[in-house]
Each structure stands twice: as C-alpha cells, then as structure tokens.
Amino acid sequence: MRREKWFALITLLVLTFSIGSKYGANSQEPIARLVFNHVGGGIRPDIALFIAYDLKDIGIEVVVKVEEWSYFPVIPITHDYDIGIFRLGGGGAYPGAKAIWMSDGSLNIFGLGPDIPYQNESEEMQMIQETMVDPSARQTYLYEWQNLVMDKIIPILPLFTEKGYNVVWANTLGYDVRWGLRDSLPYMSYDGYHSGQDNLTEFNFADANWVDLNPLFSADSSSSTIASYLFEPILQMNPDFAPVKTGLVSDWDQIDETHFQFWMMDDVYWNPSYNSTARDDDSIPLGDIPAGEYMVGLKDGLPSTGTSHQVTAKDAVFTYLTWANSEISDTTHHHDWISDCYVDPVDELSFHIHIDGNPETVEIEPYADMWAKLTWEVLPEFFLNSTDPTVTYTEGGVECTGLYADMINTPEWIAYSTSAFGCGPYSLDYRIKNYQTVLKRWDGWHGRGAITGETGLSPFIDTITVRIIPDLSAELAEFEAGRLDIADITTFTGERKMMQADQQYLVNSFNDTSMLFMAYNLRRPFIGGDDNFRYLEQEGKENYTKACAVRKAINYAIDRDEINQVFYDGESFVSHSVIYPSQPFYYYNDIIKYNYDLDTAIEWLEAAGYYYSLETNIDTGAMILTLVLILGISKLITRIRKRKIGIV
C-alpha cells in the first residue's frame, strides 16, 4: 500500500512537469496584466484558467476571479472588469440584439459608445437592417455588419454554442430535428416495431402539464407544444428563420416599402369545435360526439363542424389585431408596428398590412422583423370575436370593433383555454392532469406539408399521447423501456454516447439558441481605453487602432478547439460571430475567424507596439528530473504488476 501511495505521488509530479512543459518557461516580464472576471459555476472557471494559460504564451498575465451572480446585473452600469465569460441566450428569430450591441443598450457590458471607432457605423447598419424587409438583402447586409463588428470593433471572442440532443428509435423514419416533430409527422413512418412498442398507430412523448391552450395566453412551453398540433401558423418560417410559402399564407406581394398584400390557401376549414374539457379515457370517440354538443362561437352562436367555417383572411386579421389590442393582450409590443390591417375588399382570402417600424416618429418606416412576428397561430374570428359595437384600438392605432375588456371572461373564451380547436392536423381528445394529454388526428386537415409544400399529406399516426413526466431521468427510463418514442437526452452525456453506438437508436443534434463568449471592457487600458483612438501606422493596418490590435492578438492566442475538446469532447460549435449559429440564415460563416495562431497573435501585438518572444527557455534540470521519474515509475509499475500476479 505504501508503495502505491508513492506511485500516485510520483505520477502527480510527472503530470505537473508535463503541464509546465506545455507552456514552457519564459523569463520575459509580462507585457500586461488583466483580471478575468466571470459569474456562475460549472466549467466557466476551468475555461477561464485555460484562456489564462494560453494568454501567458504571448506575455499577458491573467488573474482569474470568480464573482457572485449578483455581480452580473450591475456590469452594464459599473463596467467593473477587464475580460470575462458570459452567456447570451434567447432571442428567437431576431438576428441583431440592439440591447447588446448598441451604445444605449441595456445589456451593453462592453462600454460601447459613439466615441469607439466604427461603433457609429455599426449602429447605423443595425438601424438600416431593421428596415430591410427583403430577407435576402437583409442577410447580405447583416453579413457586412457582423464582419465589421468582429474585424474593427471586436467587443468579444465568441466561444461556444452547445448542442442539444434527442433520440428516436431506429424504426422511426423521416424525422427532421431542425423542423421538429410537428412538421415532420406528414413525412414520417414506422419501419417495424421497436423494443417495447406494441402499437404502430400512436406516438408517445413526455412533457410537463400544460396551462392554457389559447395561443394568446400560452406563456409556458408545454402549452405551446400542445397548441402547435391543434393550430396552424399564419406565416410559415423555416428552421433558418426565413419566411416560406408553405403555410396558410401561400404568397405575398410588396406593394411598397411599408405595404404588403398576403394571400391564403383556399379550402382550409376549422376543425370541429369539440368540447373536450370534461372528457377522459372512457369517453366516446370524438367522431361519435353529436354536433349539438359542440362548443358554439361568441360571435355567430354556431359550432364548427369541420366543414361549416372556412379559414379566411378575416381570421388572420382578427388574430393580429387581437394580439395588438391591450384590452385582450399583454404583449401588444409584438405588433405595435402594424399601422393598418384589413381584408382585401374583393378577395376574402387576401389581407393587407401597413407598417410603421417606429410609431413614435412622424415618418412611416419599414420594419424587417415583421416576418418573425407574422407566424402567430391563426385564431377563429367567428368563435372568439363578438357582436359588441365597442370600438377599441391596437397599440399601432388600428380600429377594432368587437373587442372589449371583459371579453376574455366570457364562457366561450374560458372554454377555449382548455378545449381549444384550430385548423391543424390534430384535435384535443382529452386530458387527465398529471397523467397525460391525448390528441387525435383530424382527417379533414388541409394536407399541405410545411417542409416541402407538398399537398395531399397526412400525419402518419392517428394518436399522439403526451405523458406528464417532468423529470428528465424518468423520461429517459421510460424511453429506454420502449414506452416513449422520443426523448431529450441533452443532459445525459454517457447514455447519449452509448446510444450513438447502438443501432437501435437514432440520436439527433441541434445547436442551442445561445452562445458563450469572452467579453472585453473597451474602457480598460491595454485592451481599450485611450488606445481605442490611436491608429496603427503599419502598411495594411492603418484602419485599426492599437487597442483593436491587442484584442485581435488575444483572440488569436486562445485555442478554442483545444478548450472545446477538453470540456465538450469536441462536440460544441465553435462560434465566430455575434449572431447565434442557431440562426443559420443570418449567421455569417465566412466572417473573419480568430483560429488559434500564435504567430499572427504576435504580429498584431507588435503592430500595437508590444514585443514578446515566443521562444522559451528550457529548464534542463527539470527535463532530467522528469526522465528520472519516468524511469523510476516504469520500474515501480513492473514490480507492482509482478506482485499482483504472484511473481517475486
């Protein structure tokens, strides 16, 4: 036992010398000292230490300091840090977060301001891109903006976007993880049975309890998931966050910069208005419910039978105006840019939208992000509107008739929250709280697939069962037992890797809507401060400042691929831009990239007037001692092995 302890100690010493040899010994004085602040636990302190070691190679000494979570909210005010690790998350389809990259942004932690070179140009570009309603033109313009920020301003070094993972059984064909289960269903099929499966007409997955199925009030993801199977989005967006003509809106025309006309699919009808509130697993099939027991609408007092009420432009207009009306909606800001919205006077399947991107100014301005905010699920105007003559107005000033303050407390609206119906591929059968929600395929669905626009399709299974299993470990256990057909395995790295090697599973990956990055305080000396305003004199570098050159050098000196390999097994996406990689339509992959390159790092340091040699002084004594220890370990291992097998 004593010898084994010595063996462990010697091994630790060798590892210490090995780590030291990686970075070498350099007798030069540091050219700068920085404090590396970060908040949160996990692997961020370890990543910070790796970065500190990397920067030591170019003569920058870094002290890593862990802060409390309360430290982060005051950073935009105090800017009390040199460099730090932060995470940017959320944002949906919005490709440029002005709260972060504008001088007056509430999350401007970098010290960006109009005095920072190229920042005014950056802000002008951000404002202009918001007026570019042509997605392709906006994409090209945002490419230029991203390159400007990462080449001339450099407030960050993008680090990593982690991947999420889910798993389906290998007999499940046609599932597209980028489009998601809902839109993949018409293209999917089963190829035989998987382990534990005894029914090829249903699909099972897990979620938490839903709260409200009316899209206006679906604030939780579980409610939104169920609603997505019941409803159809007015405008379809693809996984790249680009508008496509494969949804209810089948075409559009830009009349001018602020006026669009849209056309909707013909022959689309509202699903039956089943009253599913009191139903359970012993209830009669949905198709056997007498029409006299269906829910009736607030406006016309009639039920939807599946063929009685067509989905028209009136429903789209009602949906947008309801979202924008403060009498009904708590999130009117999503549509305050709509200055007018109405059904075309000669075509009931066409509607018009007039835009004012900034209602607070006299000028009528375009608004590029309208596309992301036209995807709302269409609501049945005949059922939710009223005959009340009350006139109210939207946030953008559009007149509405029929919407009033107490409307949401009517029996029709209350019932709709727990027994919603739409024009989607499924109808709500029943819900048993804390147990499961069951959806049944509606065979009167319009049959147009969102992925290709192909018609005549139908979801491949009759029944969707959503089991209430909020615990991820329990969800995984149920999937492995064959009682679920898909599962989230993002947090189960070991199990996921075993499944990736097992032919009975298909593991899918996707980029998370977030990004980890290293931020610079542009107001601190060496990396910013007065050096932000001192331009370089070297040929070809005259458009860069001294501080910008230092930030470039630091970015080039950090080996992100190695960090990715050590902490993420090389599986995270190494980011290069200020836009999430999960927004591939706008993410610029051909941007300037700061791949690990010590020679280039030194080149930029020297351009900034700092000189540091990459040559290291090899400690001969340490090398000899290391060799002696290795030889000693080799002999000790041999003796230990002999003792274990009985050889003296």
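Trainee: Which residue stands opposite Ile468 in β19?

Mentor: That's Asp207. Keep in mind that we're looking at a predicted model. Asp207 belongs to strand β8, residues 202-207, and β8 and β19 run parallel, joined by six bridges.

Trainee: What makes β8 and β19 count as a pair?

Mentor: Pairing takes at least two bridges, and β8 and β19 have six, so they qualify.

Trainee: And how do β18 and β19 pair, parallel or antiparallel?

Mentor: Antiparallel, over five bridges, with β18 covering residues 436-441. One bridge there links Thr437 to Val466 in β19. On to β17: six bridges join it to β18, again antiparallel, and Tyr430 stands opposite Val438 in β18.

Trainee: Why is the pairing in the sheet β8-β19-β18-β17 called mixed?

Mentor: Look at the pairs in that four-stranded open sheet. β8 with β19 is parallel, while β18 with β19 is antiparallel, and so is β17 with β18. Both senses turn up, hence "mixed".

Trainee: What makes β8 and β17 edge strands?

Mentor: Each of them pairs on one side only. β17 is residues 426-432. From one strand to the next, the twist in this sheet averages 20°.

Trainee: Why is β19 described as largely enclosed by the rest of the structure?

Mentor: Count its residues: β19 spans 463-468, and five of the six are buried, so the strand is largely enclosed.

Trainee: Let's try single residues. How do you know that Phe262 is buried?

Mentor: Set its value against the cut-off. Buried means under 20% relative accessible area, and Phe262 comes in at 1%, so it counts as buried. Phe262 sits in strand β12, residues 259-264.

Trainee: Which residues does Phe262 touch, leaving out those up to four places away in sequence?

Mentor: The list includes Val249, Asp251, Trp252, Phe351, Met370 and Trp371. Trp252 is ten residues from Phe262 along the chain, with the two C-alpha atoms separated by 4.3 Å.

Trainee: And Asn555, buried or exposed?

Mentor: Buried: the relative accessibility of Asn555 is 0%, against that cut-off of 20%. Asn555 is found in helix α14, residues 546-557. Beyond four places in sequence, it touches Ile154, Ile156, Leu157, Met518, Tyr520 and Tyr594.

Trainee: Which residues of helix α11 are buried?

Mentor: In α11, residues 411-418, they are Glu412, Trp413, Ala415, Tyr416 and Ser417. Those buried residues pack against α9 (313-323) and α10 (381-384).

Trainee: Now helices α2 and α15. Why are they called roughly antiparallel?

Mentor: The label needs an angle over 145 degrees. Helix α2 (44-56) and helix α15 (560-568) pack at about 150°, with axes 11 Å apart, so they make it into the roughly antiparallel class.

Trainee: Which residues make the contact between α2 and α15?

Mentor: From α2, it's Asp46, Ile47, Phe50, Ile51 and Asp54; from α15, Glu562, Ile563, Val566, Phe567 and Tyr568. By class, that gives seven nonpolar, no polar and three charged residues. As for handedness, α2 passes α15 in a right-handed crossing.

Trainee: There's another sheet, β20-β5-β21. What makes β20 and β21 its edge strands?

Mentor: Same reasoning as before: β20 (486-488) and β21 (505-511) each pair on one side only. The three strands form an open sheet with antiparallel pairing, and the twist averages 25° from one strand to the next.

Trainee: How do you know that β5 and β21 pair?

Mentor: At least two bridges are required, and β5 (163-169) and β21 have seven, in the antiparallel sense. In one of them, Lys163 stands opposite Asn511 in β21.

Trainee: Which helix lies across β5, β20 and β21?

Mentor: Helix α12, residues 472-480, running at about 150° to β20. Helix α13, residues 493-500, packs on the sheet as well, touching β5 and β21, and its direction makes about 125° with that of β21.

Trainee: Last one, for the chain overall: how many helices and strands are there?

Mentor: There are 17 helices and 23 strands. Of the 648 residues, 52% count as buried.

Terms used
Residues are numbered from 1 along each chain as its sequence is written. This is a predicted model: local features need pLDDT of at least 70, side-chain atom pairs count only at pLDDT 80 or more; totals for chains, interfaces and linings use all residues. Side-chain values use heavy atoms; hydrogens and water are left out. Helices (H or I, at least four residues) and strands (E, at least two) are DSSP runs, numbered from the N terminus. Buried means under 20% relative accessible area, exposed over 50%, partly exposed in between (1.4 Å probe, protein chains only). Contact means heavy atoms within 4.5 Å. Axes are lines fitted to C-alpha atoms, for helices over the stretch in contact, and angles run from 0 to 180 degrees between N-to-C directions. Angles under 35 degrees count as roughly parallel, over 145 as roughly antiparallel, 65 to 115 as roughly perpendicular and the rest as oblique. A crossing is left-handed if the near helix is turned anticlockwise from the far one by less than a right angle, and right-handed if clockwise. Ala, Val, Leu, Ile, Met, Phe, Trp, Tyr, Cys and Pro count as nonpolar, Asp, Glu, Lys and Arg as charged, and the others, Gly among them, as polar.
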